[in-house]
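Visitor: I should like a close look at a single part of this model. Please take one helix and describe its faces and its surroundings.

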Amino acid sequence: MFKVNDNYLKLPGSYLFSTIGKKVAAYTAANPDKSIIRLGIGDVTQPLAPAIIDALHDAVDEMAAAETFHGYAPDLGYEFLRNAMAKNDYQDKGCDISADEVFISDGAKCDSGNIQEIFSVDNKIAVCDPVYPVYVDTNVMAGRTGTYDPLKETWSDVIYMPCTADNNFAPELPKETPDIIYLCFPNNPTGSTITKAQLQEWVDYANKVGAVIIYDAAYEAYISEADVPHTIYECEGARTCAIELRSFSKNAGFTGVRLGATIIPKDLKCGDVTLHSLWARRHGTKYNGAPYIVQKAGEAVYSDAGKAQLSEQVAYYMNNAKVIYQGLKDAGYTVSGGVNAPYIWLKTPGSMTSWEFFDYLLENANVVGTPGSGFGPSGEGYFRLTAFGSYENTVAAIERIKKM
Ligand SMILES: *Cc1c(COP(=O)(O)O)cnc(C)c1O
């Protein structure tokens, strides 16, 4: 008789977005005349930029003729895209990353989930709390997290680094030494960032204790302040301790197109084994490459036209962020985020829990957001709104919240 991977059975149900869906459906059924504005799920809404659409069309036409047809892509990615990323995302910013350290994939969610399998199951992970759930859940599936405490909502073998108003939503170096540290800045869900000097402390710490940092840079394009690093490789010594995850989803609207990359410097070693060689082996064995058409679209992100159009697209969302941030502030809420990230993180008023505020907002403003407690115990008492809606809906939502 076969047996299942019973690590999966240890996973507590992640009911966050399904519970939100059910509550909204129930409210809509009872109040069919009400129009709901959704500022909950972190998905983009604006169409692909014209430069990207043109590249997609051209690539599709190439597939229609034998002379220009493309079959399997190289499993580590096409040179044209790896070169464009190495140059634009790293070398032009003074960071020492070469094209053969860039592994193209179909997105940062898969990579952030898969990367743990090149590490021993004995390694201890450290995560921010609240956190993007993928980091923890994929380590649960691998059997790396110990036992779950349903009351505390924590795993016995995970080091949690609370990020709350008390520390300005920036994690502190953990007391217990981790082997793998997950960091994501600008952060989902809190919208917070850390300065280059703060990130340098993490790089120095990781090099000192022999830990590896998995740095999720999915929201890099939303950074507006000068002292916030766009990549961990701006920090000295990051080549020997950091893996970086990149995504085209939020900077270029590729959530439905699918493209990402993982950067592994060749200097990142355990003894004389490079993590680069292990990830290359994994990619080669388990992955057949992101589609040619999509990689051509990715290349267009780095064209002059693509860059100009995408900075307008990011500015559109960040204007929404400003509307939400300022509107909530004017209405008396305690808010953070929204300056270098498309997420606004607000303190629920009075002693309301995250879910109580969810219901209150749904019923009184017909606005849907995301309860902070869904991202971890330290998210309790907070609430996330996203800037990914349309401008019109964003303005209308804030008007309604102000009237509550
Ligand atoms: C949206 C998001 C990603 C991007 O995932 P893709 O698979 O590239 O769409 C990665 N990390 C975080 C924290 C995110 O919020």
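Guide: In this predicted model, R281 and T285 are exposed on the other side of helix α9 from its buried residues. T285 belongs to α9, which covers residues 275–286, and its relative accessible area is 56%. Since exposed means over 50%, T285 meets that cut-off. D75 is 210 residues from T285 in sequence, yet the two C-alpha atoms are 8.9 Å apart in space.

The length of the helix can be checked. With 12 residues at 1.5 Å a residue, α9 should span 16 Å, and its end C-alpha atoms are indeed 16 Å apart. The buried residues of α9 are L275, H276, W279, R282 and H283. Viewed down the helix axis, these buried residues fall within an arc of 130°, so they line one face of α9.

That face has several partners. The buried residues of α9 pack against α5 (108–114) and against the strands β2 (102–105), β8 (212–216), β9 (242–247), β10 (260–263) and β12 (273–274).

Among these partners, β9 merits further attention. Of its 6 residues, 6 are buried, so β9 is largely enclosed by the rest of the structure. In a regular strand, side chains alternate between the two faces of the sheet. In β9, A242, E244 and R246 point one way, while I243, L245 and S247 point the other way, and all are buried. β9 pairs with β8 in the parallel sense over 4 bridges, and D216 stands opposite L245 of β9. With β10, β9 pairs in the antiparallel sense, also over 4 bridges; here E244 stands opposite I263 of β10.

Notes: Residues are numbered from 1 along each chain as its sequence is written. This is a predicted model: local features need pLDDT of at least 70, side-chain atom pairs count only at pLDDT 80 or more; totals for chains, interfaces and linings use all residues. Side-chain values use heavy atoms; hydrogens and water are left out. Helices (H or I, at least four residues) and strands (E, at least two) are DSSP runs, numbered from the N terminus. Buried means under 20% relative accessible area, exposed over 50%, partly exposed in between (1.4 Å probe, protein chains only). The expected span of a helix is 1.5 Å times one less than its number of residues. The arc is that of the directions from the helix axis to the C-beta atoms. Contact means heavy atoms within 4.5 Å. Two strands pair if DSSP finds at least two bridges between them.
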